[in-house]
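Please find below my notes on the model, set out as numbered points that can be checked one by one against the coordinates.

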Amino acid sequence: MIRFILLSFQLTLLLTCSVRADNWVIETFAGNGQKGHSGDGGKATQAQLDNPFGVVRGPDGAIWFCEYSGQRIRRVSQDGIISTIAGNGMAGYSGDGGPAILASFNLPHEIRFDRAGDLFIVDMNNHAVRKVNLKTGTISTLAGTGKPGYSGDGGPAAKAQFDKPHSIQFGPDGNLYVCDIGNHVVRRIDMETQTISTFAGTGKPGPTPDGAPIQNTSLKGPRSIDFDRHGNLWLATREGNQVFKFDLKANTIHHVAGTGQNGFSGNGGPAKEAALKGPKGIALDADGNVWLADTESHSVRMIRASTGNLELVAGNGEKGDGPDGDPLRCQLARLHGIYVDADGSVFIGDSEAHRVRVLRKK
């Protein structure tokens with residue numbers, strides 16, 4: 001009886017301290033919840049997925065995502081049909097110069113598209129960023145030698161070394177930014193010259209003071225990045241359990257969320273006073289709200305731009321494979337990818353539930 005009362009109180013607290021539950025509904029977009037690889041050519045909701053991570057809408061209108069342990073890139077067309085675009089399902093580093101469908105990856109983390117419509121993949125355990133020319137279907141390596149390290153600044157990106165790069169995103173300048181998490185830096189690849197440089201971080205983990213300059217300031221586990229409509233870069237730090245805004249015009253870093261302590265608290269209150277739990281995905285919507293895949297709390301949390309408060313939108317802090325419907329009653333399982341679509345819908349790589357889910361406004 002006491003346990004029931006405590007659980008009821010916790011659920012009431014979650015509902016009270018969160019965005020209104022009746023504003024959103026959560027649905028399964030792809031995956032039947034069974035780990036594996038099946039379903040190509042059929043409905044995405046009936047397919048087996050293997051640890052979906054990064055998710056994004058492509059220039060063709062389809063939803064694309066990478067499978068971390070599945071070693072593949074898959075696509076869901078606008079009529080809901082799933083297919084595999086890249087990866088043979090075997091862990092390795094092969095295929096450059098040939099068809100992407102025959103290539104081997106080693107834990108692909110995130111995918112993005114450039115202005116020309118080509119696909120870029122951060123191939124984490126190969127310490128590389130790879131490119132698929134979608135006109136020819138051919139794969140190549142843009143950056144990284146395949147060996148871990150921290151070298152190459154000022155020279156060709158293809159000869160540089162990373163240490164387990166995790167997240168990538170194209171900036172408003174058209175250049176590619178890379179979370180080089182093992183080196184505790186964010187690096188930038190000039191897409192015209194393909195020259196690489198360190199954009200932020202010192203190479204060693206450390207605190208990031210509010211208002212500090214972007215250059216020569218420490219970062220602690222730079223995990224995921226996105227840009228807002230004003231051109232500012234936003235960063236979620238995994239080990240740091242914080243969110244920062246990089247004002248590229250003022251050249252300063254601003255603390256936005258997270259006390260730095262690992263935890264699951266503060267929903268409904270100021271984001272700076274909340275505890276995050278290993279955030280591994282970040283996305284900005286058109287209103288400037290910041291969406292987080294708070295991985296180790298198995299939840300989607302959102303920093304509301306108008307108030308600076310942190311709101312719980314999906315999940316309840318417990319790992320699981322919840323039902324469609326009320327997002328606060330839908331348990332998630334170590335989600336990684338998060339993407340806000342043009343209409344405000346939020347796609348989630350619900351990794352260990354082996355599903356891609358979507359939050360839609362009612």
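1. In this predicted model, the search for enclosed space yields one cavity of 30 Å³ or more. The elements that contribute two or more residues to the lining of this largest cavity are strand 2 and strand 6. The space inside the largest cavity comes to about 40 Å³.

2. The walls of the largest cavity are formed by Phe53, Gly54, His109, Glu110, His166, Arg223, Lys280, His336 and Gly337. Sorted by class, the lining of the largest cavity comprises one nonpolar, five polar and three charged residues.

3. The largest pocket should be read alongside the cavity, and it holds about 540 Å³ of space. Its lining counts 23 residues, among which Arg112, Phe113, Gln169, Phe170 and Asp226 are the closest to the centre of the pocket. At least two lining residues of the largest pocket come from each of strand 2 (52-57), strand 6 (108-113), strand 10 (165-170), strand 14 (222-227), strand 18 (279-284) and strand 22 (337-340). By class, the lining of the largest pocket is made up of 12 nonpolar, three polar and eight charged residues.

4. On the cysteines, the structure contains zero disulfides. Cys66 takes part in none, and the nearest cysteine sulfur, which belongs to Cys179, is 14 Å away. Cys66 has a relative accessible area of 0% and is therefore classed as buried, the limit being under 20%. Cys330 likewise counts as buried, because its relative accessibility is 0%.

5. Is Ala236 buried or exposed? Ala236, which lies in strand 15 (residues 233-237), is buried, because its relative accessible area is 0%. Leaving aside residues up to four places away in sequence, Ala236 touches Gly221, Pro222, Arg223, Ser224, Gln242, Pro279 and Ile282; one of these, Arg223, also belongs to the lining of the largest cavity. The C-alpha atoms of Ala236 and Cys179 are separated by 10.0 Å, although the two residues are 57 residues apart along the chain.

6. As to confidence, the chain has a mean pLDDT of 94, and 94% of its residues reach 70 or more. The pLDDT is below 50 over residues 1-19, a stretch that nevertheless has 18 contacts in the model beyond near neighbours in sequence. Where pLDDT is low, the predicted coordinates should not be read in detail.

Technical notes
Residues are numbered from 1 along each chain as its sequence is written. This is a predicted model: local features need pLDDT of at least 70, side-chain atom pairs count only at pLDDT 80 or more; totals for chains, interfaces and linings use all residues. Side-chain values use heavy atoms; hydrogens and water are left out. On a 1 Å grid over the protein atoms alone, a cavity is a set of points where a 1.4 Å probe fits but cannot get out, and a pocket is an open set with protein on both sides within 12 Å along at least five of seven lines; lining residues have an atom within 4 Å of a point. Grid points are joined across faces, edges and corners, and a volume is the space filled by probe spheres set on the points. Helices (H or I, at least four residues) and strands (E, at least two) are DSSP runs, numbered from the N terminus. Ala, Val, Leu, Ile, Met, Phe, Trp, Tyr, Cys and Pro count as nonpolar, Asp, Glu, Lys and Arg as charged, and the others, Gly among them, as polar. A disulfide is a pair of cysteine sulfur atoms within 2.5 Å. Buried means under 20% relative accessible area, exposed over 50%, partly exposed in between (1.4 Å probe, protein chains only). pLDDT is the predictor's confidence in each residue, from 0 to 100. Contact means heavy atoms within 4.5 Å.
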